[in-house]
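Biologist: Could you walk me through one part of this model in some detail? I'd like to look closely at a greasy spot on the outside, and then see what surrounds it.

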Amino acid sequence: MRIKKTYDDYIVDFISYSVLIILCISIILPFMQIITISLSPPAQVTSYGLKLFPKEITFEGYRKIANNSLLWTGYKNTIMVTILGTAINVFFTCLGAYPLSKKNLPGRNMITAFIVFTMYFGGGLIPTYMLNKSLGLINSMWVFILPGLVGSYNMIITRNFFMSLPSSLEESARVDGAGLFRIFLVIILPLSKPIIATIALWYGVGHWNSWFSSMLYMTDRSKHLLQYVLRMILFEGTKVDEGAVEIDQVIVNTETMKMAALLVATVPILCVYPFIQKYFVKGVMVGSLKG
Amino acid sequence: MESKVIKQKCELKKTKKQSIKSLMQKYGGYYLMLLPILIYFIIFKYGPMYGIIITFKEFYPLKGIMGSEWVGLEHFKTMFTGLYFWPVFRNTIIISFYKLIWGFPAPILLAIIINEIKAAKFKKVAQTVSYMPHFLSWVIVSGIVIEMLSPTRGPINYFLTLLGQEPIYFVADPNWFRTVLVASGIWQGVGWGSIIYLAAISGIDPQLYEAASIDGARRIQKITYITLPSLKPVVVIMLIFACGGIIKDNFEQIYNLLNLKVYSVGDVISTYTYEQGLVNLQYSYSTAVGLFKNIISFALVITANSIAKRVSEYAIW
């Protein structure tokens, strides 16, 4: 039976379609504008307007960006930190979550509380900075990985996932003589692909988007991360890092070049994002489960 | 008789000792696995908490934490009586409050709207697009925001001039800066924030809607009498936690958009802590400000959690 559309239906449909369309336009339009600016000659972008398509295409902005060695070392550093960092993050998160998933482990609640407490209280910026400095992490790539080795929240949701696994598999492996660590590597981890994918994506995007620790801890210019280099390019001439501007870069970057840099830093996320999106959505669901 | 009791006691002791031994045998491996994580938490999470004692000292890096002199509550006095702290505190609260009243309902409305879309393909594409800004760093988002709101190039000002208005330099105008923060926050997070509400909506029993249709309910009625009430528990929990986070400002967002012209309205606790500590090298003072914020934030979250526990089974611990 087909129900005839009522007055209400039209109102609801109209509102919901228009809100969603406006929202999507507000997201897509800026990107089109940025692509256009990055491809236009600098003189053309100084005036107002919607620039959905370039009138004249030049790759000057991209050529200048290609010559910016900082951007490429930033790229290289970020890729390295993202891959290595994520792998280490995931391993240690699972390693910690596994014992805590054992309901009869003595002291389990105390240890969990010890970890959860750090989600809500911390030393703050300066003590953290001082600690990392005294550990010799300044100008070391490890500063991007070690201080954030394990996220408490990620560890708790991983623990909850492990708790949902059937214990009979582990028991039979133990009867067969497998050690604890072996059970963890050979049985638990392969069964936990959904949660591993979820936290790996979270850690990975975190590393990819990170810039603040680069600003804080790196004085060696060849060790900066991509997002921080982008920040320098975008906000040059404002109050960012005035002392560190190289002489040949004192000339304020053109809009064309800035937008080219912005796109170059965004494209990898834009390319992988549609494919990883659904895992993220699942992850939010997993995370919203009661702890 | 007595010796029997002693014997029993001895045996009990023995089994206790044995049980500790067998406990270690049984669980030792687990503790070994936990060891690196515990060391990590002690060094990197509890280590900085030790550093907090510099708020009660006049910290000089050369003298170290132990060697620096005690000054008691001096830095807190400076903070509470100084010219700059209260405006910064006020900015933090105002910005968080605006974000709460505008930013909190936005994902709920979006979830309801997405749920009302029947065209599956459009729905999917729209969702994918709306989640996207969540994956961009605040450096990129602020770059985009500044470009879009530019007084000489931005499309928004272009429309304003078409309407015969003067262009507005939104990002550098104290009257507009907070609006920019709230709006860009919504733009970046609304799609992503809607997921949790969509999950809640998908858990609603479809029979409720069917029954309502048979009773002649129209769509707006179904939204107001079924969807919204079913969302209530999730909304309440999210609201409690959002209130608990009211003193936490988004450093990444605000720092990237902040400029000298809007300091008076946009300087918040986290940006202030950063500037005082790592730019002006007022280590002790800055740590005091950070500690003040952390304590309030901690108290708020604890309160939020206990309220959440009381009103529902949702709670973090």
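Before we zoom in, how many helices and how many strands does the secondary structure of chain A come to?

Modeller: Sure, and keep in mind that this is a predicted model. Chain A comes to 12 helices and 0 strands, so read along the sequence you just get α-α-α-α-α-α-α-α-α-α-α-α, where helices and strands are DSSP runs.

Now for the spot you asked about. There's a nonpolar patch on the surface formed by Tyr7(A), Ile11(A), Phe14(A), Ile15(A), Val19(A) and Ile220(B), and together these residues have about 580 Å² of accessible area. Helix α1 of chain A, residues 7-39, gives the most to the patch, with 5 residues. Chain B is in on it too, through Ile220(B).

Let's pick out Phe14(A), which sits in helix α1 of chain A. Phe14(A) counts as exposed because its relative accessible area is 60%, and the cut-off for exposed is over 50%. For the chain as a whole, 52% of the 291 residues of chain A count as buried. Chain A exposes about 13800 Å², with carbon and sulfur atoms supplying 69% of that.

There's a charged pairing to look at as well. The side chains of Asp8(A) and Arg218(B) meet in a salt bridge, at 3.7 Å from N to O. Between chain B and chain A the count is 4 salt bridges.

That brings us to the contact between the two chains. It takes 96 residues from chain A and 95 residues from chain B. The two chains bury about 8800 Å² between them, 77% of it on carbon and sulfur atoms. On the chain B side, Tyr30(B), Met33(B) and Phe135(B) supply 9% of the area that chain B buries against chain A, more than any other three residues.

Stepping back to the overall form of chain A, its radius of gyration is 25 Å, whereas a compact globule of 291 residues would have one near 19 Å. Its C-alpha atoms fill a box of roughly 75 × 75 × 35 Å along the principal axes. As for how the chain contacts itself, take the contacts in chain A with a separation of 6 or more: residues 24 or more positions apart account for 72% of them.

Technical notes: Residues numbered from 1 in each chain as written. Chains lettered and ligands numbered in written order. Predicted model: local features only at pLDDT ≥ 70, side-chain atom pairs only at ≥ 80, totals over all residues. Heavy atoms only, no water. Patch = residues over 30% accessible without salt bridge, like charges linked within 9 Å, V, L, I, M, F, W, Y side chains within 5 Å. Areas by Shrake-Rupley, 256 points an atom, 1.4 Å probe, with all protein chains shown as cover. Helix = DSSP H or I, 4+ residues; strand = E, 2+ residues; numbered from the N terminus. Buried < 20%, exposed > 50% of the residue type's maximum accessible area, 1.4 Å probe, protein only. Rg over C-alpha atoms; globule rule 2.2 N^0.38 Å. Contact = heavy atoms within 4.5 Å. Buried area = accessible area lost by both parts, 1.4 Å probe.
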